Amino acid sequence: MRRPQREALTDVPERVTIYEVGPRDGLQNEKTLVPVEVKAEFIRRLVAAGLDTIETTSFVPPQWVPQLADSAALLGLLGEVGRGRNRPVLVPNERGLEAALAQGVQAIAIFGSATETFARKNLNRGLQESIAMFAPVAQRARNEGLWVRAYVSMCFGDPWEGDVPIAQVVDVASQMMDLGCDQLSLGDTIGTGTTGHVHRLLDALDIKGIGVERIGVHFHDTYGQALANTLAALAHGVSVVDASTGGLGGCPYAKSATGNLATEDLVWALDGLGIKTGVDLEALVETSVWMAGHLGRPSPSRVVKALAGSSGAGDDA
Ligand code: HMG
Ligand code: MG
C-alpha cells in the first residue's frame with residue numbers, strides 16, 4: 001500500500017500546517033558540510049512536494065554552527081523561494097536580524113530555553129539575559145512588519161537539569177510571547193516528552209492565556225514518542241506541527257538530541273485521519289532518498305524506508 005486507509009476522527013483539526021525544519025534543524029546537525037547548491041535544491045524540492053512553511057536556515061555566528069554559515073548565500077540562490085512570511089530563519093540577536101533583513105527575510109524565529117543550563121550552553125547567556133537579548137530583536141522585527149516565532153527549548157526535560165517544572169516552562173513561554181511574538185513553538189529538544197505531559201503543558205499554557213491557536217509543537221524523536229506526542233497535541237487543538245523531512249535533525253549544543261519527527265511519518269498519520277496537509281508524500285520520500293544520497297546515510301524515517309523500498313503491489317504484506 002502506498003497510502004493508509006482513511007478513517008477520520010472528529011476531535012482533531014481538519015487541516016494541519018506542517019512547519020518544515022529539515023533545512024535548518026536537520027542540516028545544522030550534519031557532520032558533513034552540505035554544499036549550498038544542494039541545500040537550495042533541497043528547499044526547492046520541499047516546496048514542489050507541497051510544503052508551504054519552511055524554516056530555511058539560521059543567522060548565527062559561523063563559529064557556533066558552521067553547517068549554516070552559508071545562510072546569506074543560500075537565500076541569494078533561492079531568490080523569491082527563500083522569502084515570504086512562510087520562510088522563517090533563526091535569529092538570536094540584533095546582528096543576526098540585521099543580516100537577515102539585508103537578505104529580505106520576512107519571518108524570523110527567536111529561540112529561548114526553559115532551563116538556565118541550556119540557555120548558557122546554546123546561547124552563551126543566562127535565561128533572563130537571553131530574553132533581554134531577544135527583546136530588541138522582536139521589537140525591531142515587529143516594526144519592520146516581520147512574522148515572529150518564539151521557540152522554547154527543553155520544555156519536556158533537560159539533559160543537565162532533569163525534570164523541568166511545567167510552571168517554569170509556562171513562565172519562560174509567556175515572557176517570550178510578551179515580546180510580541182506571533183507563535184510559540186514548544187521544543188522537546190531531547191525527545192523525552194510523553195503524551196500526558198503534552199496535555200498538562202497545553203492546559204497550563206491555556207490557563208496563562210496562550211491558547212492552542214498560537215502554539216506549534218516541535219518534537220525530537222529520540223525515544224520514539226514524537227508522533228504520539230503530536231497526536232496528543234492535535235487532540236488538544238494544536239494545528240501547527242514542526243517536522244523534518246527524512247527525520248533529519250538534532251541540536252549541536254545538546255548531544256542527546258536526535259532528529260525531529262520525520263515529515264513523512266507525520267504525513268502518513270495525518271493522511272490516515274483525513275487531515276489535509278497539501279503534501280505529496282511520494283515526492284517527499286523521493287526528496288529524502290535524494291538527500292540521504294548527499295548525506296551518505298539512510299533516512300531513519302520508517303515511512304521513507306517502507307515507501308522507498310516497495311512498489312506497493314503487495315510486496316510489503
Ligand atoms: P557569543 O559568542 O556570546 O556572541 O554568542 P558575541 O556577541 O560575544 O559575539 C561573538 C562574535 O560573534 C563576534 O565577532 C560577533 O560579532 C559575532 P568577533 O567580534 O569576535 O569577530 N556574532 C555574529 N556573527 C554572525 N551572526 C550573528 C552574530 N552574533 C554575534 N548573529 C550567540 C551568542 C547567541 C550569538 C550564540 O550563542 C548563538 O548564536 N547561539 C545559537 C546556537 C545555535 O544556533 N543552536 C542551534 C539552534 S537552537 C535549536 O536547535 C533548538 C530548536 O530546534 C528548538 C528545540 O529543538 O528545542 C530551535
Ligand atoms: Mg529542534
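How are the donor residues of the magnesium ion (ligand 2) spaced in sequence? In this predicted model, the spacing is D-x192-H-x1-H. Asp25 in helix α1 (residues 22-26) and His218 in strand β7 (residues 215-219) are 193 residues apart, and this pair links distant parts of the chain. The magnesium ion is coordinated by Asp25 through OD. His218 and His220 each coordinate the ion through NE2. The coordination distances run from 2.1 to 2.3 Å. Asp25 and His218 are both buried.

Strand β7, which carries His218, belongs to an open sheet of 8 strands. The strand order is β2-β1-β8-β7-β6-β5-β4-β3, and the pairing is parallel. In this order, β7 stands between β8 and β6. Strands of a sheet pair through backbone hydrogen bonds. The edges of the sheet are formed by β2 (53-54) and β3 (89-90). Each edge strand has a single partner, so one side of each is left without a neighbour in the sheet.

At one of these edges, β3 pairs with strand β4 (residues 107-113). The pairing is in the parallel sense and extends over 2 bridges. Within it, Val89 stands opposite Ile108 of β4. Strand β4 is also covered by a helix: α6 (residues 127-143) lies across β4 and β5 (147-153). Helix α6 runs at about 165° to β4.

The interior was then examined for enclosed space. A search of the whole structure finds 1 cavity of 30 Å³ or more. The largest cavity holds about 80 Å³ of space. Its lining includes Phe42, Thr245, Gly246 and Leu248. Ser288, Met291, Ala292 and Leu295 also line the largest cavity. The lining is completed by Arg297, Pro298, Ser299 and Pro300. Helix α11 (residues 281-295) gives the most to this lining, with 4 residues.

A contrasting environment is found in a loop. Lys255 lies between β8 (240-243) and α10 (263-272). The relative accessible area of Lys255 is 73%, above the 50% cut-off, so this residue is exposed. Asp25 and His218 at the magnesium ion, by contrast, are buried. Lys255 and Gly79 are 176 residues apart in sequence. In space, their C-alpha atoms are 34 Å apart.

Notes: Residues numbered from 1 in each chain as written. Chains lettered and ligands numbered in written order. Predicted model: local features only at pLDDT ≥ 70, side-chain atom pairs only at ≥ 80, totals over all residues. Heavy atoms only, no water. Donors = N, O, S within 2.8 Å, 3.2 Å for Na, K, Ca; no water. Buried < 20%, exposed > 50% of the residue type's maximum accessible area, 1.4 Å probe, protein only. Pairing = 2+ DSSP bridges. Contact = heavy atoms within 4.5 Å. Axes fitted to C-alpha atoms, helices over the stretch in contact; angles between N-to-C directions. 1 Å grid on protein atoms, 1.4 Å probe; cavity = no way out; pocket = protein on both sides within 12 Å on 5 of 7 lines; lining within 4 Å. Points joined across faces, edges and corners; volume = space filled by probe spheres on them.
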